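Student: Please take a single part and look at it closely with me, explaining each term as it comes up. I would like to see how one element sits within its chain.

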Amino acid sequence: MVSDIGEAQSALGRRDAVAELLQQRGDLLVVSGLGSPSYDVHAAGDEAGNYYLWGAMGSAALVGLGLAQACRQRKVVVITGDGEQLMGLGGLATIAVARPKNLTIVVIDNGRYGETGMQLSHTGLRIDLARIAAACGFADVRTVDTLSEVSQLRRTMHQDATGPRFFVLKVTADVVERSLPFRDAVHGKNRFRAHLGLPVS
Amino acid sequence: MLECHWSVEIYNHLKAAGVRQVAYVPDAGHAQLIELFQADRDIVSTVLTTEEEGIAIAAGAWLGGDRSVLLMQSSGVGNCINMLSLAVIGRFPLLMLVTMRGEWAEFNPWQVPMGLATETCLGAVGVRCMRAEAPEALVETVRSAAKLAYEADQQVAVIIGQRMIGEKKW
């Protein structure tokens, strides 16, 4: 399940994986990490329940934590990249200690920094994020590299959990066409809050 | 426990202001406030490995409808700078309570550089600093900062002078 060499040898395309994960999403709330994961989530369908990050590298999982702690009745999924998650490794300890039952972290892992020229990331150099999350105490940790497994994760993600989940999707390092969401963070915030029926200032 | 009655007043005010989440890195100056929040079952307390995590949590909390407060020491401000982009560019309400080190009867020289840089760094990235040097002024400052944050969508750091915290006893 977990490859000895970190560099992705998967045949799974990132767009297909994220589209599958967000199929029939219901009232799922989505936070996407900067770079390709934000494009992947946008390509799967622009929704008011999406919050796209364009910066603040290392923040995605923790934005998800704050949201999950505020909305206990909703399922929250963070979709981010290996490089983005690597910048917030300590956050995995924070999330595991906080132990939200409605938060899933999904790392789209191509082992590379796609935005800066496909240089190898630490996961491309044998660091296994799933093992780190497991060591922190995430309730459900899996690494997958096929679409049928992603489909299974999607079903799991909508079920109740005993604690936070951490899924690594090993994907190909192919360059895909960008699908750019809006960059106005205030617009995204107001749209998201309006979607939840919250006041918008 | 420190004899800091202002912690109780700040706690009471933040509760009345509707704060639902608090995030912190353990700190002697904030010890009593942290204990008060931890003992409160209506508040979600999140202990952080590093302070910038709290900036992200505050943004997420606001997206989901929760008001939050972030507690840290001045050394932690240096860890937060790029993450503050999120609060500033998204105009996310942000209330940080920062206890100062390195400025008053400090014995540890390693605390001095970041102590000197704290307000400059926060100002440079777009966070408003409001300094208090006495308990009465602090409570009023927190009250004002909370309103600026939660109602005017501002990013505010209340700077708590080291003189008020007192000398660290060894």
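Tutor: What follows begins with one chain as a whole and then turns to one of its helices.
This is a predicted model, in which local features need pLDDT of at least 70 and side-chain atom pairs count only at pLDDT 80 or more, while totals for chains, interfaces and linings use all residues. Residues are numbered from 1 along each chain as its sequence is written, and chains are lettered from A and ligands numbered from 1 in the order in which they are written.

Chain B has eight helices and six strands, where helices (H or I, at least four residues) and strands (E, at least two) are DSSP runs numbered from the N terminus. If you follow the sequence of chain B, these elements come in the pattern α-β-α-β-α-β-α-α-β-α-β-α-β-α. The C-alpha trace of chain B spans about 40 × 35 × 30 Å along its principal axes. For 170 residues, a compact globule would have a radius of gyration near 15 Å, and the 15 Å of chain B agrees with this; the radius is taken over C-alpha atoms, and the globule rule is 2.2 Å times the number of residues to the power 0.38.

Of the 170 residues in chain B, 48% count as buried. A residue is buried if 20 or more other C-beta atoms, placed from the backbone, lie within 10 Å of its own, exposed if 12 or fewer do, and partly exposed in between. Two residues are in contact if their C-beta atoms, again placed from the backbone, lie within 7 Å. Among the contacts in chain B between residues at least 6 apart in sequence, 77% join residues at least 24 apart.

Now to the helix itself, α2 of chain B, which covers residues 31–38. Which of its residues are buried? They are L33(B), I34(B) and F37(B). Seen down the axis of α2(B), these buried residues fall within an arc of 100 degrees, so they line one face of the helix; the arc is that of the directions from the helix axis to the C-beta atoms.

What covers the buried residues of α2(B)? The cover includes the helix α1 (5–16) and the strands β1 (19–24), β2 (44–47) and β3 (67–73), which belong to chain B as well. When you turn the model, look for L33(B), I34(B) and F37(B) on one face of α2(B), and then for these covering elements of chain B.
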